[in-house]
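Thanks for sharing this one. Here are my notes, point by point, to read with the structure open beside you.

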Amino acid sequence: MVKRSKKSKSKRVTLKQKYKVLRKVKEHHKKKDKEAKKLGLKGKRKVEKDPGIPNDWPFKEQELKALEARRARALEELEQKKAARKERAKKRKMDLLEEDEREQNVDEIKFIDDSTGTVKLRDNSDRAFYKELVKVIEASDVILEVLDARDPLGTRCVDMEKMVMKSGPDKHLVLLLNKIDLVPREAVEKWLKYLREELPAVAFKCSTQEQRSNLGWKSSSTAAKPSNLLQTSDCLGAETLIKLLKNYSRSHEIKKSITVGVIGLPNVGKSSLINSLKRCHVVNVGATPGLTRSMQEVQLDKNVKLLDCPGVVMLRSGGNDASIALRNCKRIEKLDDPVGPVKEILKLCPERLLVTIYKIPSFQSVDEFLQNVATVRGKLKKGGIVDVDAAARIILHDWNEGAHAMQFFFWGAIFSP
């Protein structure tokens with residue numbers, strides 16, 4: 001006699017039985033949805049209407065008059081703000097006429113040294129970069145001015161914008177807010193609203209991927225969580241920017257090819273922007289200012305050609321070494337006085353933050369702070385004298401490129417209009 005297995009019987013059913021169960025479940029859900037729809041339980045709930053002020057309330061008329069006055073006052077303030085912004089934009093355009101008398105030649109670019117009050121000529125590299133900037137502006141139909149989202153007003157160069165507007169009425173200037181992944185989303189939205197009062201503005205995040213080609217793009221419309229989108233290494237905002245450039249290339253429904261020049265201060269991300277749009281490494285990029293030495297042409301597609309321009313520090317944009325160094329517009333090794341920018345950093349950052357980062361005792365002055373940093377990092381000269389300049393360059397390197405740049409920035413450099 002054959003022994004039966006003590007294992008439990010299989011619970012598998014035939015496909016016919018399986019699909020029958022699924023069909024019954026589907027019919028059941030459909031029936032429940034119909035009943036809920038009849039009873040009005042499904043769908044959005046209606047927002048209850050505000051009943052307003054009761055008629056029998058003794059102060060109804062006074063309250064209504066006060067509400068109307070507050071509403072009118074708010075509208076009046078809004079109109080005043082709009083008028084002030086329009087006036088500011090108009091004044092900026094009118095300044096172009098006044099600047100015509102003091103227009104300077106390329107070979108005679110001068111700046112005033114604040115310490116001595118004497119006039120100095122810039123070095124040959126600055127002159128060469130300025131000539132390349134003039135070439136890019138003359139050859140471009142659309143000019144993209146790249147701004148750093150951490151300091152949009154500080155990296156915005158009014159002199160460059162005036163050069164673009166003087167070059168002809170057919171030139172289109174667009175502001176591009178780069179590095180939006182380094183600031184809060186609310187600050188980006190406020191800056192875009194502020195900048196769009198005067199000129200078209202686009203938010204952008206360059207790709208940080210290491211491969212040479214097939215750089216990724218991300219679309220904000222397809223993202224489930226916008227907060228997680230900025231944490232990726234993919235490019236963000238490229239589709240919006242290309243769509244804007246395509247609109248400029250259309251003239252009365254006739255497509256024409258356009259040239260787009262990319263300008264801005266050093267180290268704001270001009271070359272990284274071109275690589276992200278092209279989706280491959282076609283121009284050199286790096287954190288060192290002045291890496292791009294001349295104008296470079298990149299064909300994006302048959303209708304759009306991009307021109308990369310060296311970063312130029314104009315007269316108003318770089319009045320002193322401190323502002324230039326804090327925006328990473330000049331190499332730290334070439335600074336004559338690295339202690340000056342450190343004084344500005346100490347104004348932006350609280351003492352306890354610096355003590356925690358550099359693991360030093362508390363200090364009372366800039367000199368004491370630099371001496372403590374030099375002692376901890378082992379920056380000593382012959383005879384055991386602390387090297388203050390070397391310590392200052394360490395602080396500036398951390399501000400511009402190091403891991404502490406974000407902490408420094410959030411304590412003081414951010415500004416929302």
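1. A good place to begin is the surface, where Lys16, Lys20, Arg23 and Lys24 gather in a patch of positive charge. Please keep in mind that this is a predicted model. Lysine 24, one of the patch members, sits in helix α1, which spans residues 15–39. With a relative accessibility of 51%, lysine 24 counts as exposed, because the cut-off for that class is over 50%.

2. Helix α1 also brings us to a second kind of surface patch, since tyrosine 19 is found in this helix. Together with Leu15 and Leu22, Tyr19 forms a nonpolar patch that has about 330 Å² of accessible area in total. Is tyrosine 19 buried or exposed, or somewhere in between? Its relative accessibility is 47%, so tyrosine 19 is classed as partly exposed.

3. Strand β10, residues 258–263, gives quite another picture: it is mostly covered, with 6 of its 6 residues buried. In a regular strand, side chains alternate between the two faces of the sheet. In β10, Ile258, Val260 and Val262 point one way, while Thr259, Gly261 and Ile263 point the other way. Residues on both of these sides are buried.

4. Which strands pair with β10? Strand β3 (residues 142–148) is joined to β10 by 4 bridges, and the two run parallel. Strand β12 (residues 304–308) is joined to β10 by 5 bridges, again in parallel. Valine 262 is a handy residue to click on here: it is the bridge partner of leucine 144, and in β12 its bridge partner is aspartate 308.

5. Turning to charged pairs, the structure holds 11 salt bridges. One of them joins lysine 135 and glutamate 132, with the closest N and O atoms 3.5 Å apart. Why are these two separated by about one helical turn? They are 3 residues apart in helix α3 (residues 124–139), which accounts for that spacing. The two partners differ in cover: lysine 135 is partly exposed, at 43% relative accessible area, whereas glutamate 132 is buried, at 13%.

6. Another salt bridge brings together the side chains of arginine 156 and glutamate 198, at 3.3 Å from N to O. Arginine 156 lies in the loop between β3 and α4 (158–166), and glutamate 198 in the loop between α5 (185–195) and β5 (201–203), so this pair ties together parts that are 42 residues apart in sequence. Do look at the cover around arginine 156: with a relative accessible area of 8%, it is buried.

7. A further pair to look at is aspartate 301 with lysine 246, whose side chains meet in a salt bridge at 2.4 Å, N to O. This pair links distant parts of the chain, 55 residues apart: aspartate 301 is in the loop between β11 (296–299) and β12, and lysine 246 is in helix α7 (residues 238–249). Aspartate 301 counts as partly exposed, at 25% relative accessibility, and lysine 246 also counts as partly exposed, at 21%.

8. Finally, please highlight Asp148, Arg150 and Lys179 together. Salt bridges that share partners join these three residues into one network.

Technical notes. Residues are numbered from 1 along each chain as its sequence is written. This is a predicted model: local features need pLDDT of at least 70, side-chain atom pairs count only at pLDDT 80 or more; totals for chains, interfaces and linings use all residues. Side-chain values use heavy atoms; hydrogens and water are left out. Patches are made of residues with over 30% relative accessible area and no salt bridge: like charges are joined within 9 Å, nonpolar side chains (Val, Leu, Ile, Met, Phe, Trp, Tyr) within 5 Å. Accessible areas come from the Shrake-Rupley method with a 1.4 Å probe; for residues, only the protein chains shown count as cover. A salt bridge is a side-chain nitrogen of Lys or Arg within 4 Å of a carboxyl oxygen of Asp or Glu. Lys and Arg count as positive and Asp and Glu as negative; His and the chain ends are not counted. The place of a charge is taken as NZ of Lys, CZ of Arg, CG of Asp or CD of Glu. Buried means under 20% relative accessible area, exposed over 50%, partly exposed in between (1.4 Å probe, protein chains only). Two strands pair if DSSP finds at least two bridges between them.
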